[in-house]
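Work through the exercises below with the sequence and the structure side by side. Try each task before reading its solution.

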Amino acid sequence: MSTDPGLRRLALGTLLGAFRGEQAPAWAVDLLAEGMAGHVLFGYNIVEREQVAALTKSLHAARDGVLIAIDEEGGDVTRLAHRAGSPYPGNAALGALGDPAVTRRVYRTIGAELEALGINLNLAPTVDVNTADDNPIIGTRSFGADPIVVATHTAAAVLGLQGACVAACAKHFPGHGATLADSHRELPTVDITAAELRSRELPPFIAAIEAGTKSIMSAHIRVPALTGDAPATFSPRVLDDLLRRELGFTGVVVTDALEMAGAAKYAGGIPQGAVLALAAGADLLCIGADIDEAITNACADAIVAAVQDGRLPLARVEEAVARVTDLAAWTTSGDRTDREEPGLGYPAALGAVRVEGSHDRAAAPLIVQLESESSIAAGRVPWGLGPHVNGTEQIRVVAAQADLAALRARAGSRPIVVVGRNVHRLPGARTLVDALASTHAVTVVEMGWPSSWRPAGARAFITTWGASHANGRAAAETLGLAA
């Protein structure tokens, strides 16, 4: 069956691609000229501001109406600052701070920075209600565990971003906060009733819609009460019946990356997932980070073939492209009156810090940072007290392999500050901290999502609600160790 050029252009108009490198390869620009919706930038595309601006300029030059997207959430998930860590606290810290006006200002500043660099779609904010302490993928990306708190800050974030003419994308619909699995690796299940979903997971999305969010991202999660065995991304009951008809959302439905195992394994591949997502009601298909020209073309070819053989209505593809086109037009039509507020993130991060117990600021401690893996969403970004302290000795250890006697000897008579992310679920961490606290004055700095666990015998427990550059500086200041 021959490919109709017009149909291929429509298929490309639903795709949000990616490419490796600090400059766009010819194929990435050529596909934009041919009609592809846009590209997502990742850390591997970013060196510094002038380079990013030149890169986006080359992409926009391909044709009018190109979408250039990025995951710039602040906090632990940053692409622009992936080499040093974000200068902004993430959502958990903003939720703990409890001032929606600050949340709006932080997101407005992020939006103004993105707009100045030629980026017009931010795949943020994360609006999931994090009700699972052991959630491996959301955690500090969430504004909190209370749906009303999350909803309030969601609206502020959307208004802040879009005040800078950068489209917001509330994610991950219908709610990834209760999962105990990572949809990058498998298909998580949220086994709750439709009523529970509406009362707990949906209020932030409703707030985002009421605030005018231009896009919402679907989640690769299974909610049996609605989706059966399928991911929400492939469920018409979720994307059409619930999101469109019941909640009244008229903007662009963006998929989470179709390369993720939660989608690709179910669909039988990325191109097949593209067809299923469009058929379910998605408009803009984020292909993923580890893709190339061949995969991108395979997605377009699969969409064309599905239309030609009747599996996918042409009208559904035309509707999707129309929404994407309207979104791109909106990004060029607004009044850019909002500007960046440099330095805003650091006092916000400091205000979010919570201290339980009493830390001795007068004594110079040994800082023990517990190594931990980064989530796939965040990638490898520097974290901890590293560059923020005033020469105080710091060491890094793997909790499960730590030599307790050696640590005690190294600390000597000094107190010990243990720094970690999600300490309660790091292998060996609880045992190590309790053992150190039996012989030394120990303060724990939790830079992940805190649980109800508190170490026996520790003098203080400090929660930063995130591990960004801003959170690290806030922790150092709280400890009295700031350079």
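**Exercise 1: The surroundings of one residue**

Q162 belongs to helix α6, which covers residues 147-162, and the model in which you will examine this residue is a predicted one. Task: decide whether Q162 is buried or exposed, and find which backbone nitrogen the side chain of Q162 reaches at 2.9 Å.

Solution. Begin with accessibility: the relative accessible area of Q162 is 12%, and because buried means under 20%, Q162 counts as buried. Next, follow the side chain of Q162, which reaches the backbone nitrogen of K214 at 2.9 Å. A polar atom of this side chain also lies 3.1 Å from the backbone nitrogen of A168. Finally, look at the wider surroundings: leaving aside neighbours within four places in sequence, Q162 is in contact with A167, A168, G212, T213, K214 and W330.

**Exercise 2: Two packed helices**

Task: at what angle do helix α7 and helix α8 pack, and how far apart are their axes?

Solution. Two packed helices are described by the angle between their axes and by the distance between those axes. Helix α7 (residues 194-201) and helix α8 (residues 203-210) pack at about 55°, and their axes are 5 Å apart. That angle makes α7 oblique to α8. On the α7 side the residues are R198, S199, R200 and E201, and they meet P203, P204 and F205 of α8. Sorted by character, the residues of this contact comprise 3 nonpolar, 1 polar and 3 charged.

**Exercise 3: Salt bridges across the chain**

Task: for the salt bridge between E246 and R198, and then for the one between D283 and R316, work out where the partners lie and how accessible they are.

Solution. Take the first pair: the side chains of E246 and R198 meet with an N to O distance of 2.8 Å. This pair links distant parts of the chain, since E246 is in helix α10 (residues 236-246) and R198 in helix α7, 48 residues apart. E246 is partly exposed, with a relative accessible area of 43%, and R198, at 35%, also counts as partly exposed.

Now take the second pair, D283 and R316, whose N to O distance is 2.8 Å. D283 lies in the loop between α12 (270-280) and β8 (285-286) and R316 in helix α14 (residues 314-330), so the bridge ties together parts 33 residues apart in sequence. D283 is buried at 0% relative accessibility, and R316 is buried at 10%. Elsewhere, salt bridges that share partners join D71, E73, R79, R141 and K171 into one network.

Definitions and conventions:
Residues numbered from 1 in each chain as written. Predicted model: local features only at pLDDT ≥ 70, side-chain atom pairs only at ≥ 80, totals over all residues. Heavy atoms only, no water. Helix = DSSP H or I, 4+ residues; strand = E, 2+ residues; numbered from the N terminus. Buried < 20%, exposed > 50% of the residue type's maximum accessible area, 1.4 Å probe, protein only. Polar contact = N/O pair within 3.5 Å; in protein donor to acceptor, adjacent residues only side chain to side chain. Contact = heavy atoms within 4.5 Å. Axes fitted to C-alpha atoms, helices over the stretch in contact; angles between N-to-C directions. Parallel < 35°, antiparallel > 145°, perpendicular 65-115°, else oblique. Nonpolar A, V, L, I, M, F, W, Y, C, P; charged D, E, K, R; others polar. Salt bridge = Lys/Arg side-chain N within 4 Å of Asp/Glu carboxyl O.
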